[in-house]
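Reader: Got a minute? I'd like to walk through this fold with you.
Author: Sure. Pull it up and ask away.

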Amino acid sequence: MNTWLPLARAHETELFDLIEKLVLIETPTSNKAANDRVSTLAAELLRSLGGDVTVHPQPIYGDHVSARWTGDKSKPDKQHAFIVGHLDTVWPVGTLARMGYRERDGRMYGPGVLDMKAGIATTIVGLRILQSNDLWPDRPITVLFNTDEEVGSPSSRALVESLATGAAYALIMEPGQAGAGALKTQRKGLGEFRISVEGKASHAGAFPERGASAIHELSQKVIELQAMNDWPNGITVNTGLISGGSARNTIPAYADATIDVRVRTLAQAEQIEAQIRALKPGIKGTSLRIEGGFHRPPMPRTPELAKLAETLIRWSEEIGFTLTEESTGGGSDANLTAAMGVPSADGLGSKGQNPHAEGENIEIGEQTNRLALFMQAINSL
Ligand SMILES: [Zn+2]
């Protein structure tokens, strides 16, 4: 009989109390003070588990927190387990006042509960149970909680990459794919580009020949960008934001656009980036500036990742619940750990509904299953 679920059930109160406590600290990425509050709490909890805790101070975003436990000294060759989670959410301070924390019909609701306060709590409580029951693994363990994942991990990317280096595997405690709560075993690479056009202003009625329209130029670039879409092969290019001009009767001297690009493979990323950087102005008197790049490399389903997912899925069956795997167009820190060659299981954290949307929630019963699986993974992988 599998003993992980009874062990998890015995600690449900502790788990759900911590989830509630974390949800009640609102942490939009842009609010450093709020994220510092929650990272201070996380640091205390990790310290209470005997981890060697480092707070990584940040000027703009909240401070990141990492913790390390050395493994069995007699087995120095054991590679470490790497557990990653983010403390920030997409919800502004004040969301709790209208979309408050509550439990109803077997679900727990609140801003950020699914993405991903429940995954953070599961990590901390799971490690505590392993420790107090003498189930700690031989291998070293490193945990990283960052505070800027929701904006693409600009200040924590280097930390994610350095702590992932040499890991046996990574567990990214993000929620599973909405719906089934599936493991995400293939992720697209994500790029963000910005095209700014400089033109020349002139009175649109009196002296049109003296102007050079930045909007006209940018419009042509948008059409060229649109033509780079290749949906059957997984390439999406979307001009999602556009602005420019100064007045109805002035030939616009400036315009810019922000472009979201998703790809399946590194080769596609290189090809699309080269195509975007090669865009040239077509209208006399205008010039282009192209900035940006791929901040999330693609995460392919490697044989090592497939094996890790199969193991977790088999264990979920033993525990008594259904875990599946899917691919996704969204990016996460798993893209970064996978690019370091580390098999990265993403989406173990929770199962629920409406990530980043009204009514965000987790399934309470499933969270206990996920705690059981997390503990088995850390103990036995
Ligand atoms: Zn997330």
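Reader: Which order do the strands of the open sheet of four have?
Author: This is a predicted model, to say that up front. The order is β4-β5-β16-β15, and the pairing is antiparallel.

Reader: Which strands sit at the edges?
Author: β4 (102–104) and β15 (352–353). Each of these pairs on one side only.

Reader: How many bridges join β15 to β16?
Author: Two, with β16 covering residues 361–363. One pair to look at is Gly352, whose bridge partner in β16 is Ile362.

Reader: Which helix packs on that sheet?
Author: Helix α11, residues 364–380. It touches β5 (107–109) and β16. The direction of α11 makes about 70° with that of β16.

Reader: Switching to helices. At what angle do α2 and α5 pack?
Author: About 135°, with the axes 9 Å apart. Here α2 is residues 12–23 and α5 is residues 113–132. Angles over 145 would count as roughly antiparallel, so this pair is oblique.

Reader: Is the crossing left-handed or right-handed?
Author: The crossing of α2 and α5 is right-handed.

Reader: Which residues make the contact?
Author: From α2, they are Glu14, Leu15, Leu18, Ile19, Leu22 and Val23. From α5, they are Val113, Lys117, Ala118, Ile120, Ala121, Thr122, Ile124 and Val125.

Reader: And by class, how many are nonpolar, polar and charged?
Author: The contact of α2 with α5 has 11 nonpolar residues, one polar and two charged.

Reader: New topic. What domains does the assignment give?
Author: Domain 1 is 4–188 + 299–380, and domain 2 is 189–296. Their C-alpha centres lie 37 Å apart.

Reader: How many residues does each domain put into the contact?
Author: Domain 1 gives five and domain 2 gives eight. On the domain 1 side, the residues are four polar, one charged and no nonpolar.

Reader: Now β9. Which strands is it joined to by bridges?
Author: Strand β9 (residues 189–198) is joined to β11 (residues 254–263) by 10 bridges. Nine bridges join β9 to β12 (residues 287–296).

Reader: Parallel or antiparallel?
Author: β9 and β11 run antiparallel. β9 and β12 run antiparallel too.

Reader: Which residues should I click on to see the pairing?
Author: For β11, take Leu190, whose bridge partner there is Arg262. For β12, take Val197, which stands opposite Leu288.

Technical notes
Residues are numbered from 1 along each chain as its sequence is written. This is a predicted model: local features need pLDDT of at least 70, side-chain atom pairs count only at pLDDT 80 or more; totals for chains, interfaces and linings use all residues. Domain bounds come from an automatic or database domain assignment. Two residues are in contact if their C-beta atoms, placed from the backbone, lie within 7 Å. Ala, Val, Leu, Ile, Met, Phe, Trp, Tyr, Cys and Pro count as nonpolar, Asp, Glu, Lys and Arg as charged, and the others, Gly among them, as polar. Two strands pair if DSSP finds at least two bridges between them. Axes are lines fitted to C-alpha atoms, for helices over the stretch in contact, and angles run from 0 to 180 degrees between N-to-C directions. Angles under 35 degrees count as roughly parallel, over 145 as roughly antiparallel, 65 to 115 as roughly perpendicular and the rest as oblique. A crossing is left-handed if the near helix is turned anticlockwise from the far one by less than a right angle, and right-handed if clockwise.
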